[in-house]
Amino acid sequence: MHAIVIREPGDPDVLEWTRVPDPEPGPGEVLLDVVASAVNRADVMQRLGFYPPPPGASEYPGLEASGRIAALGEGVTGWQVGDEACALLAGGGYAERVAVPAGQVLPVPKGVDLVQAAALPEVVCTVWSNVFMLGELRAGETFLVHGGSSGIGTMAIQLARANGATVACTVGTAAKAARCRELGADTVINYREDDFVPSGPYDVILDNMGAKYLARNVSALATGGRLMVIGLQGGTKAELDMGALLTKRAKVHGTGLRSRPLDQKRTIVAAVREHVWPLIESGKVQPVVDRTLPMPAAAEAHRILEGSGHIGKILLTV
């Protein structure tokens, strides 16, 4: 088969579409013939040498994929060869085939085509696990997501709105602001012009910036608020005012998805299938795809992602 290999840490041109050995499904795994994968910030970090795959995971980038099941490993039930599916991966999505634990595989939702389904697993599992399972966002509460036009942001806006929250987001352009309003954001803050703190307070904040926004995020929290930090685009170290945190009885929770144990991922995927798939199949929530490129053009896809001009997900097709 062919896969995208990272020749060495560096700029997008280190990504090479080349022949590699075929994966084999182990016990409890399925083998997926990949139709599409999606580009995530984590892939860029891996390409730069800052985010190696967890032990035992594929060395190729790609944290989600859609396709058709080609083979079943020992002990797998509930799936058949030929089934269309999408999957949450620890790596290996930028390839013609990938082996994945069966507990991380989802059926393609009704009304979503097989290519578009590649835009769902990573963002849906990230948003549901952080905003709802850990952050416990409830109907009637207020929610803020930074980077509202990103893959994570466009999904977070829709899911928070569908579950009865009042939704706000930050963006960098007027075009992105307009799209976020279409998706259900009640308040949109252009971070180049305005501070987001006065628009609060917020019960739950989903943050991809880390250090740069920490102090202002805590200031923007409501009493009993929950700050979920899932990215470090704004740095890794910052000073935290513990007095403000204690006064608000607030939580700061740092979390990732890729390195979680298999049983936790299985639990998240099962919750997504129960709670999110019906919203997608009813049309209340939809994948947002900016563009689709052929898999060998992964370097171009990375350049587009790093330029931040996109809205939603960038897909790679085999």
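How many bridges join strand β9 to β10? The count is 4, with β9 covering residues 166-171 and the two strands running parallel. Before going on, I should say that this is a predicted model. One of the pairs across these strands puts Cys169 opposite Val188, its bridge partner in β10.

Now the sheet as a whole. It is open and has 6 strands, in the order β10-β9-β8-β11-β12-β13, and the pairing is parallel. At the edges are β10, residues 187-190, and β13, residues 251-254, each of which pairs on one side only. From one strand to the next, the twist averages 15°.

Next, β11. It is joined to β8 by 3 bridges, and these two strands run parallel. Across that pairing, Leu144 stands opposite Ile205 of β11. Between β11 and β12 there are 5 bridges, and this pair also runs parallel. Here Leu206 stands opposite Met228, which belongs to β12. As for cover, β11 is mostly covered, with 6 of its 6 residues buried.

Two helices to point out on the sheet. Helix α2, residues 121-134, lies across β8, β11, β12 and β13. The angle between α2 and β11 is about 160°. Helix α3, residues 151-162, lies across β8, β9 and β11. Against β8, helix α3 runs at about 170°.

One residue in α2 I'd like to look at is Asn130. Is Asn130 buried or exposed? Its relative accessible area is 3%, so Asn130 is buried, the cut-off being under 20%. Leaving out residues up to four places away in sequence, Asn130 touches Gly135, Leu206, Met228, Ile230 and Thr255. Among these contacts are Leu206 and Met228, the two residues I showed standing opposite each other across β11 and β12.

Last, the surface. Which residues form the nonpolar patch there? They are Leu240, Met242, Leu246 and Val252, and together they have about 360 Å² of accessible area. Leu240 sits in the loop that runs between β12 and α6, the helix of residues 242-248. Leu240 counts as partly exposed because its relative accessibility is 30%, which falls between the limits of 20% for buried and 50% for exposed.

To recap: an open sheet of 6 strands with parallel pairing, α2 lying across β8, β11, β12 and β13, α3 lying across β8, β9 and β11, and a nonpolar patch on the surface that includes Leu240. That's what I have.

Methods
Residues are numbered from 1 along each chain as its sequence is written. This is a predicted model: local features need pLDDT of at least 70, side-chain atom pairs count only at pLDDT 80 or more; totals for chains, interfaces and linings use all residues. Side-chain values use heavy atoms; hydrogens and water are left out. Two strands pair if DSSP finds at least two bridges between them. Axes are lines fitted to C-alpha atoms, for helices over the stretch in contact, and angles run from 0 to 180 degrees between N-to-C directions. Contact means heavy atoms within 4.5 Å. Patches are made of residues with over 30% relative accessible area and no salt bridge: like charges are joined within 9 Å, nonpolar side chains (Val, Leu, Ile, Met, Phe, Trp, Tyr) within 5 Å. Accessible areas come from the Shrake-Rupley method with a 1.4 Å probe; for residues, only the protein chains shown count as cover. A salt bridge is a side-chain nitrogen of Lys or Arg within 4 Å of a carboxyl oxygen of Asp or Glu. Buried means under 20% relative accessible area, exposed over 50%, partly exposed in between (1.4 Å probe, protein chains only).
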